[in-house]
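Colleague: Could you take me through this model? I should like to begin with a single residue and work outwards.

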Amino acid sequence: MKKELVSFEGVHCTNCGTPMQGEFCHECGQSIHGVLRPMHHMVEDTLEMILHVDGRVVHTLPPLLYRPGFLTMEYFSGRRQRYVPPFRLMFVLCLLAFFLCHLAMDNLGFVKFDTTASAGTAEFAKDSTPDAVRAHYEQLRQAGVKAPDGTALQGKALKKALSVEREHANHRLAQLGATPLENQDAKGWILESHQVHLDWLPDGMNASLTRSLAHATANVKSISAGGEEGAEATERVLSGTFAVLPQTMFLLLPMFALLLKLMYVFKRRLYMEHLIVALHSHAFMFLALLLGMLLLLLRSWLVPHAAWVGLPLSFIGWALFAWVPVYLLIMQKRVYRQGWFMTTVKYLFAGWCYVWLLAYALGFAALLGFAR
């Protein structure tokens with residue numbers, strides 16, 4: 001196939017006026033091609049960009065999975081064009097991994113919801129007016145709910161039963177076109193007490209903290225009460241936690257890179273080099289997490305139809321899990337080029353510190369999830 005020869009003689013950059021020597025200006029970098037073009041040209045450019053990215057993915061993911069430190073050494077050597085940049089690689093894998101984690105938790109039963117109805121909930125169907133439903137619920141709240149054996153419920157069991165009764169009452173009120181009942185305990189806590197007021201914060205920040213604290217307390221009470229309300233609160237907390245996990249993990253990267261900088265201070269490496277090591281390390285861990293979640297979902301789908309695939313898939317999953325710490329140790333050895341003894345000591349120390357950092361990060365993400 002012959003390559004078409006194009007002459008750029010007499011063509012100037014429309015942005016800076018520099019004579020063009022190719023399709024891109026060597027002064028400002030602007031392309032010779034304009035954006036005001038027929039739609040089919042835009043589609044062609046988009047497909048070309050996607051295929052180009054796909055080509056880099058093919059060259060990036062396999063060595064990221066089974067060649068520890070290879071991508072990092074390639075990046076340090078200046079051979080970067082054929083690989084996905086470290087930050088973009090880590091960012092995309094992080095989003096995909098947490099998305100599949102959330103999907104797996106929803107579909108594989110990691111979190112179970114108790115939505116069992118208490119005795120006598122069908123009685124609200126007999127109430128024909130909103131006032132009758134509210135009076136019925138108030139009577140239950142004052143008199144208490146009884147267990148099937150006739151004994152009165154107390155403590156947490158009573159709160160859970162009343163929560164379920166309130167849900168059924170609200171369902172009947174919705175059928176009647178009336179406004180639902182409010183959670184009096186949560187409302188009283190929100191409006192009357194635990195108002196956040198810090199003198200050194202603006203009023204808007206104090207109000208935001210008050211709302212977040214109120215949401216967290218309401219979610220805890222709803223989860224403790226159980227029923228449909230508890231299930232909704234649990235799902236809300238999980239969704240909020242997974243929504244902030246990527247941003248939380250990004251906060252770990254500079255701290256982990258600083259830890260590597262301190263451990264290898266005599267290597268005289270730039271902080272950016274340690275940051276690239278951290279990016280590739282996290283990209284590999286997110287890729288391993290992504291593959292692990294895919295294996296779990298695949299196993300849950302195939303085992304009911306072909307039980308014999310359960311054992312091989314479980315073996316692959318455990319092998320992937322065991323490969324993660326081995327991979328990171330080999331990567332640290334290849335990148336920093338120290339002896340096995342010093343590499344192992346620093347690896348264990350860095351891992352111990354990272355576990356604490358990760359625990360704090362996950363705890364912070366969970367707090368933000370409860371505040372939704």
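**A conversation about the model**

Modeller: Let us start with Arg56, which counts as buried because its relative accessibility is 14%, where buried means under 20% relative accessible area, exposed over 50% and partly exposed in between, with a 1.4 Å probe on protein chains only. The model is predicted, so local features need pLDDT of at least 70 and side-chain atom pairs pLDDT 80 or more, whereas totals for chains, interfaces and linings use all residues. Residues are numbered from 1 along each chain as its sequence is written, and side-chain values use heavy atoms, without hydrogens or water.

Colleague: Where does Arg56 lie, and which residues is Arg56 in contact with?

Modeller: Arg56 belongs to helix H1, residues 39–66; helices (H or I, at least four residues) and strands (E, at least two) are DSSP runs numbered from the N terminus. Setting aside neighbours within four places in sequence, Arg56 is in contact with Gln81, Arg82, Tyr83, Val84, Pro85 and Arg88, contact meaning heavy atoms within 4.5 Å.

Colleague: And the chain overall: how many helices and strands are there?

Modeller: The protein chain has eleven helices and zero strands. Of its 372 residues, 35% count as buried. Among contacts with a separation of 6 or more, 65% join residues 24 or more positions apart.

Colleague: What about salt bridges: how many does the structure hold?

Modeller: There are two salt bridges, each being a side-chain nitrogen of Lys or Arg within 4 Å of a carboxyl oxygen of Asp or Glu. One joins Glu74 to Arg79, with the closest N and O atoms 2.8 Å apart. The other joins the side chains of Glu273 and Arg269, at 3.0 Å from N to O.

Colleague: Are those residues buried or exposed?

Modeller: Glu74 counts as buried because its relative accessibility is 10%. Arg79 has a relative accessible area of 46%, so Arg79 is partly exposed. In the other salt bridge, Arg269 is buried at 18%.

Colleague: New topic: how does one find empty space in a protein?

Modeller: One rolls a probe the size of a water molecule over the atoms, and this shows where empty space is left. On a 1 Å grid over the protein atoms alone, a cavity is a set of points where a 1.4 Å probe fits but cannot get out, and a pocket is an open set with protein on both sides within 12 Å along at least five of seven lines; lining residues have an atom within 4 Å of a point. Grid points are joined across faces, edges and corners, and a volume is the space filled by probe spheres set on the points.

Colleague: So how many cavities of 30 Å³ or more are there, and what lines the largest cavity?

Modeller: There are two cavities of 30 Å³ or more, and the largest has a volume of about 50 Å³. The lining of the largest cavity includes both Glu74 and Arg79, along with Leu71, Tyr75, Tyr83 and His280. Helix H2, residues 70–76, gives the largest share of this lining, with three residues.

Colleague: And the largest pocket: which residues lie nearest its centre?

Modeller: The largest pocket holds about 760 Å³ of space. Its lining has 22 residues, of which Ala288, Leu289, Met293, Phe321 and Val324 lie nearest the centre. Two or more lining residues come from each of helix H9 (271–302), helix H10 (310–336) and H11. H9 gives the largest share, nine residues.

Colleague: You mention H11. How far does H11 reach from its first C-alpha to its last?

Modeller: H11 has 31 residues and reaches 44 Å, close to the 45 Å expected; the expected span is 1.5 Å times one less than the number of residues. Its buried residues include Thr343, Tyr347, Cys353 and Ala361.

Colleague: Tell me about Thr343. What does its side chain reach?

Modeller: Thr343 is in H11, residues 340–370, and counts as buried because its relative accessibility is 0%. Its side chain reaches the backbone oxygen of Gly339 at 2.8 Å. Beyond four places in sequence, Thr343 touches Leu329, Gln332, Lys333 and Gln338.

Colleague: Lastly, where is Arg372 found, and which residues does Arg372 touch?

Modeller: Arg372 is in the segment after H11. Not counting residues up to four places away in sequence, Arg372 touches His215, Asn219, Arg236, Gly240 and Ala243. Arg372 and Asn219 are 153 residues apart along the chain, yet their C-alpha atoms are separated by 8.4 Å.

Methods:
Polar contact = N/O pair within 3.5 Å; in protein donor to acceptor, adjacent residues only side chain to side chain.
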